[in-house]
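Me: I would like a close look at one part of this protein, followed outward to whatever else can be said about its salt bridges and helices. Please keep the account plain.

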Amino acid sequence: MALPRRFLPPLSALTAFEAAARHESFTAAASELNVSQAAVSRRVQLLEELLGLTLFERIRQRVVLTPAGAGYARELQDALGRIGAATVNTMAARSGNAILTVATLPTFGTRWLIPRLPAFAEAHPQITVNLPTRIETFDFAAEPLDAAISFGDPVWPGAVVDRLIEEELVPVVSKKLLARHRIRKPEDLFKLPLLQQSTRQSAWADWFAAVNVAAPAVPLGPRYGQFAMVVQAAVVGLGAAIVPRFLVEPELKDGSLVVPFEQSIGSKQAYCLFYPEARRNDPALRAFRDWLLDVVQQAKIKA
């Protein structure tokens with residue numbers, strides 16, 4: 001249902017307010033929009049009159065968002081972002097090209113997906129893949145996303161889920177540490193700092209339980225926000241790490257990390273591709289999905 005026209009302020013007023021809110025400065029907003037400071041002030045004032053709200057507090061030489069202004073700015077930035085994305089996609093479609101925006105977990109994107117994307121780009125040169133990162137829950141209805149790659153099997157109404165890679169966690173240690181410490185049995189890992197990924201704090205305890213060893217009573221080692229950081233910390237010798245095997249394939253291949261004990265622990269969850277049901281038959285998304293599933297299947301066959 002279309003909104004009544006009276007609820008649609010002039011775009012010039014909206015862009016002036018968004019820029020002023022982002023910079024918290026009418027002067028900086030004017031410079032960005034290539035208009036005068038007085039023009040930005042007039043447009044924001046017009047918007048305030050239309051809304052019946054005060055969006056900025058004028059404090060000496062500064063402007064500060066009111067609570068209502070801050071909330072409106074967040075909503076407006078999302079809306080303008082969607083308009084911009086729709087415009088770019090439409091222009092790309094006119095030229096015969098397509099743009100896919102696929103949110104991904106930072107480490108998965110950096111260490112697994114991007115190294116494989118050249119093959120997709122070669123096979124589909126008309127498709128550009130944008131990769132914003134997401135750690136938190138995403139919302140297809142509220143964000144200009146075509147698809148997302150995340151860990152777990154959550155249920156999103158109206159979304160299709162394709163399982164990609166199941167997680168197999170293994171311990172890894174750098175050659176530097178192995179040269180300095182005698183690691184012959186799982187208990188020997190207690191000699192080393194046990195590095196942790198902050199959302200998988202039970203991983204070490206689960207692994208020790210799998211090898212029938214009581215978890216250490218002493219606190220574990222440093223926590224890191226992403227697996228990429230955990231991997232790098234292990235490479236430089238800050239401790240032993242427990243990580244998904246597929247995320248450390250390069251380090252295992254070049255020998256900078258080794259798996260001292262082959263016992264692994266799995267998970268019922270997996271890295272999955274999510275996309276809206278309404279986009280299921282989009283040609284660009286279908287090409288990306290089919291390529292991604294084929295890459296995963298080929299990796300399983302080789303393993």
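Is R22 buried, partly exposed or exposed, and what is its relative accessible area?

Reply: This is a predicted model, and what follows should be read with that in mind. R22 is partly exposed, with a relative accessible area of 41%. Its side chain meets that of E18 in a salt bridge, with N and O 2.9 Å apart. E18 has a relative accessibility of 12% and counts as buried, because the cut-off for buried is under 20%. Both residues belong to helix 1, which covers residues 11-23, and being four residues apart they are separated by about one helical turn. An α-helix has 3.6 residues a turn, so residues three or four places apart point the same way. The pair is also part of something wider: salt bridges that share partners join E18, R22 and E32 into one network.

The model has 16 salt bridges in total. Another of them joins E251 and R111, whose closest N and O atoms are 2.5 Å apart. This pair links distant parts of the chain, since E251 sits in helix 9 (residues 249-254) and R111 in helix 5 (residues 106-123), 140 residues apart. E251 is buried at a relative accessible area of 11%, and R111 is buried at 18%.

A further salt bridge is formed by the side chains of E262 and R245, at 2.8 Å from N to O. E262 lies in the loop between strand 10 (257-258) and strand 11, and R245 in the loop between strand 9 and helix 9, so the pair ties together parts that are 17 residues apart in sequence. E262 counts as exposed, at 53% relative accessibility, while R245 counts as partly exposed, at 22%.

Helix 5, which holds R111, can be described further. This helix has 18 residues and spans 24 Å from its first C-alpha to its last, close to the 26 Å expected at 1.5 Å a residue. Helix 5 bends by about 50 degrees at L113, and the proline P115 follows within four residues. R111 is one of its buried residues, and the others are P106, T107, F108, G109, W112, L113, L117 and F120. The residue at the bend, L113, is thus listed among the buried ones.

Helix 7 (residues 203-210) has A203, W204, W207 and F208 as its buried residues. Seen down the helix axis, these residues fall within an arc of 130 degrees, so they line one face of helix 7. What covers them includes strand 6 (159-174), strand 7 (196-197), strand 9 (241-244) and strand 11 (265-276). After helix 7 comes N212, whose phi is positive, near 60 degrees.

Strand 6, one of the strands that cover helix 7, contains S174. S174 is buried, with a relative accessible area of 1%. Leaving aside residues up to four places away in sequence, S174 touches A234, V235, G237, S256 and L257.

Key. Residues are numbered from 1 along each chain as its sequence is written. This is a predicted model: local features need pLDDT of at least 70, side-chain atom pairs count only at pLDDT 80 or more; totals for chains, interfaces and linings use all residues. Side-chain values use heavy atoms; hydrogens and water are left out. Buried means under 20% relative accessible area, exposed over 50%, partly exposed in between (1.4 Å probe, protein chains only). Helices (H or I, at least four residues) and strands (E, at least two) are DSSP runs, numbered from the N terminus. The arc is that of the directions from the helix axis to the C-beta atoms. Contact means heavy atoms within 4.5 Å. A salt bridge is a side-chain nitrogen of Lys or Arg within 4 Å of a carboxyl oxygen of Asp or Glu. The expected span of a helix is 1.5 Å times one less than its number of residues. The bend at a residue is the angle between axes fitted to the seven residues ending there and the seven starting there.
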